[in-house]
Structures are given as structure tokens and as C-alpha cells.
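Work through these exercises with the model open beside you. Try each task before you read its solution.

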Amino acid sequence: APRVPGGTAARSAALAERAERVIPGGVNSPVRAYGSVGGTPRFLVAGRGAYVTDADGVEYVDLVASWGPALLGHAHPAVVDAVQAAAARGLGFGASVPEEAELAEEIVSRLTLPVPGAPASVPLVERVRLVSTGTEATMTAIRLARGATGRPLLIKFAGHYHGHSDGLLAEAGSGLATLAMPGSAGVTAETAAQTLVLPYNDLPALEAAFAEHGDRIAAVIAEAAAANMGVLPPAPGFTRAMIALAHRHGALVILDEVLTGFRAGPAGYWGIAAAEMAAADVAAEGGPAAGAPAEGGLVDAAVLPDLVTFGKVVGGGLPLAALGGRREVMELLAPLGPVYQAGTLSGNPLAVTAGLTTLRHADAEAYARLGRAAAAIAEGAGSALAAAGVPHRVQRAGTLFSVLFGDFPEAPTTYAQVQRQEVGRHRAFFHEMLARGVNLPPSAFEAWFATAAHDDAAIERVLAVLPHAARAAARV
Ligand code: PMP
């Protein structure tokens, strides 16, 4: 779809042209530019509940949800009220505010779960530091892991996205997957060489990397469930084996829940994974499998990730992210320890208020509504595509889901597999949905984001449009 003046997107087209004169590509984050789908990126001017409105006054059912944060839907009245009240008290002081500890407590208590290998519920994270973006959270977690272990190397998995810091852009998902970029210019060879990129869900590859470089590996970083190359949950047993292996070699595990945290479920994807592990232990009747003995006092006996990063939902739509972990590791951060991290806007009161209010309203009922909407839309997409004869696969991880276009007889487990997607079909599908009032992520590699505000009316509107989009995809 070429960008044409006139039509239903005339204002957006004019705004895009104006933006392109002062902003590279007209956007402040690449995937917004519709690079892989073409056409006029919609400028949005308002959002309420499950809906967004563009600059031309067209309303859409939104399945982007600000790329995740809008768990309760856009402009949730309680969140807006709380943020307005906070704003009236001052936009930020660069000093601590009371709400920061409340948000940290909320994160700690949500992540206090029964865990495999431990006798009772334990807090997965005991200390939390608030930062402003997911990129900062993972960047800091990696620095902390290097500081804690005194080792240089990092393992990441192909197709996983952890933000745009130098060491994490190799074979990353999200916008790099969308634009088919293997990495980024501007990253030095020295920095790139500190990151080993391995295929996801490939335990032998991980074992080989540890066998070769074990005493130089500071950490393994992984999305709790991959969701930036389409949604690819970890293969059964992979996460646990990854953690046990890393710990056996004295390396830390950073579980990235920036996207999945408080969205895949109330305790993120870890909450789902831990329950599955516990169930597997019961099924195996051998009792919980003990983890490897702690090495250097850094790792727990239980098979738990050492650092967890959060973003998106935790900020309720404002710039806020977090990292958390065990006390011994987290207290290596300045001012207590030698690992430096800081931020003028860290713990900003408006962002903290938005996150705290969002989490407090994200109760069991909200997750039930979100889960119902996600299931209905995922199933609707699957049946519409099947009816139209479009090869596809619906991928799910908790309340997260995505649709892969192409022939995937088996559930894909690696980036190499999902890169075989038929993006042309996604493009046609996307534009038909957009033209009929549904705002999907403009990329075949992104998750679709429902919210707790997607009620029957919003779901029905999506279901009514899906068959048209599926037929458009079939014509490609
Ligand atoms: N980690 C994951 C898993 C993410 O999905 C993202 C963003 N999509 C990030 C890190 C980076 O977060 P941010 O865009 O806030 O820097």
C-alpha cells in the first residue's frame, strides 16, 4: 500500500511527511515506520480501553496496547486519575519518593512463588532497582552479572530481543527481525565478541558453549518466553536445564520478563514455568530435582534465575522498568557495591504511580478478561486462516500469542525456523485488518497484545474482520 494523500489516512500521511523532515524515518522507534508492511503509519491521537483513534478520526480495536504496557486498556480511569494527582504534586524531584518502595514490594510479592527445588514459597527477587527502559534494565543486569562473576562473556539466544544496548543486538528479534537486520552498525567487533549467540532451545549448543568457554561466561540472558520473533515458549525442560547448566559453571541467569512480566500471567511467564516444573516433579515422583551446588556463593541451590528484568506493564504506560534479584547480587549495585548504575528519571513518581496503580488493578478478574480475549482472538485468527486455506501457526505463551504465516507442521523452536515466515501474507492480512478497523502490530514477528479491556464488543469486532483479512492473505 503506497503512501497516498487523501483517503482515510490523509492526516497521518501529512504528519508522517512532516515528521520525516525532522526525525529519521519519521519515527522514534523503527518498527513504527511500517517498514515491513508499507503504507501510511497511523498517527494515534487518543486511546480508551480496547480502542485507539488516529489523526484522521478513525477508530480501531487495538491489538498493540503500546507494545504491551496497556494491560488494563488505554487510559484506564484509575491509572489516569492517580497519574494526574501525582503530576499535581510535582513531576519529579531527583530524590526518593514513598511510592518507589511500594512498587518494589508489589514486584517482590508477585514473584514470591512455590518454586521447584525449594521447600516453600520464596521471593524470586529480594531487591529491586527501578530504571526507565527495558534496555537499561537488561544492560544493568548484564553489568551486574559481570561485576558479580568477574567474567566477560554473555550468552544470548538468536531471535531474543533485550533492548538496544551494544552487546545485545546480534541476531536480535523485534525491529531487527522485522527489518531482517542481523545486527547493528556502530557496535565494535570487540563488544560483539563478548556475546555468544546460540540457537534457542538447543541444549547441546549451550553445553558446548559452556564446555569451551565455561569459566569466562558471566551470564546467560533469555526471554522468559521468546516473544520478539513471534511467541516461542521454551521447549519443555529447557529453561530449567539452562539454569542448572549455567549454575554448574558459576554463571548467572538473567531472565528477561520485560515483555512477558505481569502479562503472560500475574507472575509473568516464570509463574507459569515454575508451576509446570513443579508439576513435572510431581509426575516424576522423584521429588523436586535439586539444583547444582552454589559456586562462589552466588547461585542458589534451587533452580532459579538470578536476575529478572521487567518493563512495559510494570510502568503502566510510562517510562519505567526494573531489575530484581537475590539480595547478595543486587547489593553489588552502587551505593552499596562496586557496580555503577544511576538515572536522573529513575523511579520518577508519575511512572511509579502508573505502574503501581496498573499492577494493583491487575487482579485475577483482569487476568481472566485478558485471557478470555487473547484466547478468543487467537482461536478466531486460527480458524479464519484455516478456512481461507492460509498456512499458518498460532503460537501461545500464557495470555501472549502471535500468528506465524507459513507452513509450520511442527512448533518452531528456533529463530532460523521462524525466519521462514511468509511475510507477504502477513502484509496483506495486516492491511485488510487495518482498513477494517483493527490495529495489529505492523510486523510478522511481534506478539499480538490484547488487554483486560477487550470486552465482547471489541472481540466481536475483531472476529468479524478476521475472515476478510484471512482471504486477503490467501490471495498472496
Ligand atoms: N527485553 C524484551 C524482552 C523486550 O521485549 C523489550 C522491548 N520490546 C526490551 C527488553 C527493551 O525494552 P525497551 O524498549 O523499554 O528498552
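**Exercise 1. Decide whether Leu255 is buried or exposed, then list its contacts.**

Solution. The model is predicted, so work from its computed values.
- Step 1. Find the residue: Leu255 sits in strand 10.
- Step 2. Use the count. Leu255 has 27 C-beta neighbours inside 10 Å. A residue is buried at 20 or more. Leu255 therefore counts as buried.
- Step 3. Leave out residues up to four places away in sequence. Leu255 then touches Ala222, Ala224, Trp270, Pro305 and Val308.
- Step 4. Add a distance. Ala275 is 20 residues from Leu255 in sequence. From C-alpha to C-alpha, the two are 16 Å apart in space.

**Exercise 2. Find out which residues pair between strand 13 and strand 14, and where the side chains of strand 14 point.**

Solution.
- Step 1. Get the direction. Strand 13 (residues 392–397) pairs with strand 14 in the antiparallel sense, over six bridges.
- Step 2. Pick one pair. Arg393 has Leu404 of strand 14 as its bridge partner.
- Step 3. Look at the turn. Two residues lie between the strands of this hairpin. Gly398 takes a positive phi there, near 60 degrees.
- Step 4. Sort the sides of strand 14. Leu400, Ser402 and Leu404 point one way. Phe401, Val403 and Phe405 point the other way.
- Step 5. Check burial. Six of the six residues of strand 14 (residues 400–405) are buried, so the strand is largely enclosed by the rest of the structure.

**Exercise 3. Describe the contact between domain 1 and domain 2.**

Solution.
- Step 1. Mark the domains. Domain 1 covers 7–72 + 364–474, and domain 2 covers 81–361.
- Step 2. Note the spacing. The domain centres, taken over C-alpha atoms, are 26 Å apart.
- Step 3. Count the residues in contact. Domain 1 gives 31 residues and domain 2 gives 37 residues.
- Step 4. Name the elements on the domain 1 side. Those that give two or more residues are helix 12 (364–387), strand 13, strand 14 and helix 13 (415–418).
- Step 5. Find the largest share. Strand 14 supplies it, with four residues.
- Step 6. Sort by class. This side of domain 1 has 19 nonpolar, eleven polar and one charged residues.

**Exercise 4. Locate Lys312 and describe what surrounds it and the ligand.**

Solution.
- Step 1. Read the record. UniProt, in an unreviewed entry, places "modified residue: N6-(pyridoxal phosphate)lysine" at Lys312.
- Step 2. Place the residue. Lys312 is in the loop between strand 11 (307–310) and strand 12 (321–325).
- Step 3. Test burial. Lys312 has 27 C-beta neighbours inside 10 Å, so it counts as buried.
- Step 4. List contacts, leaving aside neighbours within four places in sequence. Lys312 is in contact with Trp67, Gly68, Pro69, Gly134, Val258 and Leu259.
- Step 5. Turn to the ligand. Of the 16 residues around the ligand, Gly134, Thr135, Gly163, Val258 and Leu259 come nearest.
- Step 6. Find the main contributor. Helix 4 (residues 134–149) gives the largest share of the shell, three residues.
- Step 7. Sort the shell. Five residues are nonpolar, nine are polar and two are charged.

**Exercise 5. Work out which strands stand at the edges of the four-stranded sheet.**

Solution.
- Step 1. Write the order. The four strands run 1-2-3-15 in an open sheet, with mixed pairing.
- Step 2. Read the ends. Strand 1 (44–48) and strand 15 (438–439) each have a single partner strand, so one side of each is left without a neighbour in the sheet.
- Step 3. Look inside the sheet. Strand 2 (residues 51–54) and strand 3 (residues 59–62) run antiparallel and are joined by three bridges. Thr53 stands opposite Glu59 in strand 3.

**Exercise 6. Compare the backbone and surroundings of Ser66 and Phe262.**

Solution.
- Step 1. Read phi. Ser66 has a positive phi near 65 degrees. Phe262 has a positive phi near 60 degrees. Neither residue is glycine.
- Step 2. Place them. Ser66 lies in the loop between strand 3 and helix 2 (77–89). Phe262 lies in the loop between strand 10 (252–257) and helix 9 (268–284).
- Step 3. Judge burial. Ser66 has 19 other C-beta atoms within 10 Å, so it is partly exposed. Phe262 has 28, so it is buried.

Note on methods. Residues numbered from 1 in each chain as written. Predicted model: local features only at pLDDT ≥ 70, side-chain atom pairs only at ≥ 80, totals over all residues. Buried ≥ 20, exposed ≤ 12 C-beta atoms within 10 Å, placed from the backbone. Pairing = 2+ DSSP bridges. Near = placed C-beta within 6 Å. Nonpolar A, V, L, I, M, F, W, Y, C, P; charged D, E, K, R; others polar. UniProt positions renumbered as here; feature names shortened; annotations may be inferred. Contact = placed C-beta atoms within 7 Å. Domains from an automatic or database assignment.
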